[in-house]
Amino acid sequence: MMDLVIPDKVHDESRQGEALVLEPVAGKNNGRKLYIESYGCAMNFSDSEIVASILAEQGFETTADHNLADVIFINTCSIRENAEQRVRNRLKEFTVAKVKNPGLVVGVLGCMAERLKSKFLEEEKLVDVVVGPDAYRDLPNLIDQVDSGQKAVNVLLSREETYADISPVRLNSNGINAFVSIMRGCDNMCSFCVVPFTRGRERSRDPQSIVAECVDLFNKGYREVTLLGQNVDSYKWKPSSESEVVSSESKDTSNATTPETTNFANLLEMVALINPELRVRFSTSHPKDITDDVLYTINEYENICNYIHLPVQSGNSRILEMMNRTYDRDWYINRIDAIRRIITDCAISTDVITGFCTETDEEHNDTVTMMDYVKYDFAYMFKYSERPGTLAAKRYADDIPEEVKQSRLAQIVAKQQEYSFYRMQARIGKVEKVLIEGYSKKSDKDYCGRSDQNAMVIFPVGENYKPGQYVNVLIERSTSATLIGKVVN
Ligand code: SAH
Ligand code: SF4
Ligand code: F3S
């Protein structure tokens, strides 16, 4: 889940940090056990659930213990160098397992698989199978190939694949919040970013399949969905000619309100209308594409959470241009002002990169003053890490010394800590509507859950409420990452 960042994790390989180990799921058993470990962003975590679903169909059961596994998959991230390093170190640990059990299948999935392709098999002898993010339907064949003694690779990217018809196996789930993928790939070409190369072209998923998945989750007791895409604001679905025929034939009787083209504001509304008890979150918004229409929709529906993750990357217009973000400082500020104007009480978080190519101290200071302007509730902050093949790697020297990147990062981390604390303190004395997620990490005498604005709230366990329910919590005190209070009527 989108976790609150602990300062020493801010330059971890992903926004999420922790590796996800999957709990066993019941399936039609083929006697073989699958273990998946996921790194990187929420999309990758969501993809692991699709992989588990595809293999559950083949009779694989998932296990949380890799020592019991017949197949070990690592779903990898390439976003920064240290993300890849972490995967390589983890693979070394599996060498021991393979020596003990030569029949063990070791596979690399996800973004690193896509970036390195068959080179991976040369670099890491232990690996049997390399599968890119659009090729998971081929996994049963690829495993067969490995079983017959070959190495297997499928890294084909697709312009259509959205896995729309696959109902993900919810792994390691609390039964309350779930990720729902609404699109794949990215058509932006931010110069620092490897994602367009590892995830391919942007494509949106059929809104009816998204709504159906959310309805199913709601019926199973889930109370919060997070709609996922690299740039949710460019979500766009146009019915194909085939489905247009179907809808025009059935015009009189079917849902006549479905617009021809569904944009993100339309989709948000469709999901919000499923049930007022189902909270809707989404990630990631892009400053160039977020429309007032989306903001009005967020404000209109109580169950669409008042929280926007709007990565700024830099507060300086020259750096933003070199990053190919296609907005400048003024544009970004205009979007922040629009959020504040249109949505009552909206939390805003961001991503920042320090030490991008040629960044001067003054330009870095523009990022600092942007933080002063917005006073973000929360931020994920990273040192620039050059990624092979990206536009920045081709065009610009990675010329900011490591110590400078580090000290700029430390400066903004300290600044963010202050603003997170400031935002949290401002909640004291207020009543927050909290969806209870379970016991707090520290004590089973306390529950934890999130406020509408995505703050983690801790309060004592009580007899009249349980996980999956909403409670009103009066906030009494806070740290920079948590609100603490008690349930009130
Ligand atoms: N689609 C999202 C970002 C996904 S990657 C968006 O457009 O905002 C998550 C974050 O990782 C980015 O926002 C960026 O801050 C960071 N990031 C991406 N590439 C990076 C690199 N080469 N070095 C350091 N941080 C990077
Ligand atoms: Fe990367 Fe930019 Fe696409 Fe985000 S919008 S995934 S940063 S290319
Ligand atoms: Fe990493 Fe790929 Fe996500 S590079 S951040 S896992 S899209």
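## Ligand shells and helix packing

User: How do you know that a nitrogen atom of ligand 1 makes a polar contact with the backbone of S385?

Analyst: In this predicted model, a nitrogen atom of ligand 1 lies 2.7 Å from a polar backbone atom of S385. A polar contact is a pair of N or O atoms within 3.5 Å, so this pair qualifies.

User: What makes Q230 and D351 polar contacts of ligand 1 too?

Analyst: The cut-off of 3.5 Å applies again. A backbone N or O atom of Q230 is 2.8 Å from a nitrogen atom of ligand 1. For D351, an N or O atom of the side chain is 2.6 Å from an oxygen atom of ligand 1. Both pairs fall within the limit, so both count.

User: How much of the accessible area of ligand 1 does the protein cover?

Analyst: Of the 540 Å² that ligand 1 has on its own, 93% is covered by the protein.

User: What makes up the shell around ligand 1?

Analyst: There are 16 surrounding residues, and the closest are Q230, P311, Q313, D351 and S385. By class, the shell holds 6 nonpolar, 4 polar and 6 charged residues. Strands β16 (347-354) and β17 (378-383) each contribute at least two of them.

User: Nice. Why is C186 counted as nonpolar in the shell around ligand 2?

Analyst: Cys belongs to the nonpolar class, so C186 is counted there. Its companions around ligand 2 include C190, C193, H286 and R325. The class totals for that shell are 6 nonpolar, 3 polar and 1 charged. Q230 is also on the list for ligand 2, and it is among the closest residues to ligand 1.

User: Why are α9 and α10 called roughly parallel?

Analyst: The axes of α9 (residues 264-272) and α10 (residues 292-300) cross at roughly 15 degrees and come within 8 Å. Angles under 35 degrees count as roughly parallel, so the label fits this pair. Their crossing is right-handed.

User: And what makes α10 roughly parallel to α12?

Analyst: Here the axes of α10 and α12 (residues 329-342) cross at roughly 30 degrees and come within 9 Å. That angle is also under 35 degrees, so α10 is roughly parallel to α12. This crossing is right-handed.

User: How do you know that α12 and α13 are roughly parallel?

Analyst: The axes of α12 and α13 (residues 361-374) cross at roughly 15 degrees, which is under the 35 degrees limit, so they are roughly parallel. These axes come within 11 Å, and the crossing is right-handed.

Conventions:
Residues numbered from 1 in each chain as written. Chains lettered and ligands numbered in written order. Predicted model: local features only at pLDDT ≥ 70, side-chain atom pairs only at ≥ 80, totals over all residues. Heavy atoms only, no water. Near = heavy atom within 4 Å. Polar contact = N/O pair within 3.5 Å; in protein donor to acceptor, adjacent residues only side chain to side chain. Areas by Shrake-Rupley, 256 points an atom, 1.4 Å probe, with all protein chains shown as cover. Helix = DSSP H or I, 4+ residues; strand = E, 2+ residues; numbered from the N terminus. Axes fitted to C-alpha atoms, helices over the stretch in contact; angles between N-to-C directions. Parallel < 35°, antiparallel > 145°, perpendicular 65-115°, else oblique. Left-handed = near helix turned anticlockwise from the far one by under 90°.
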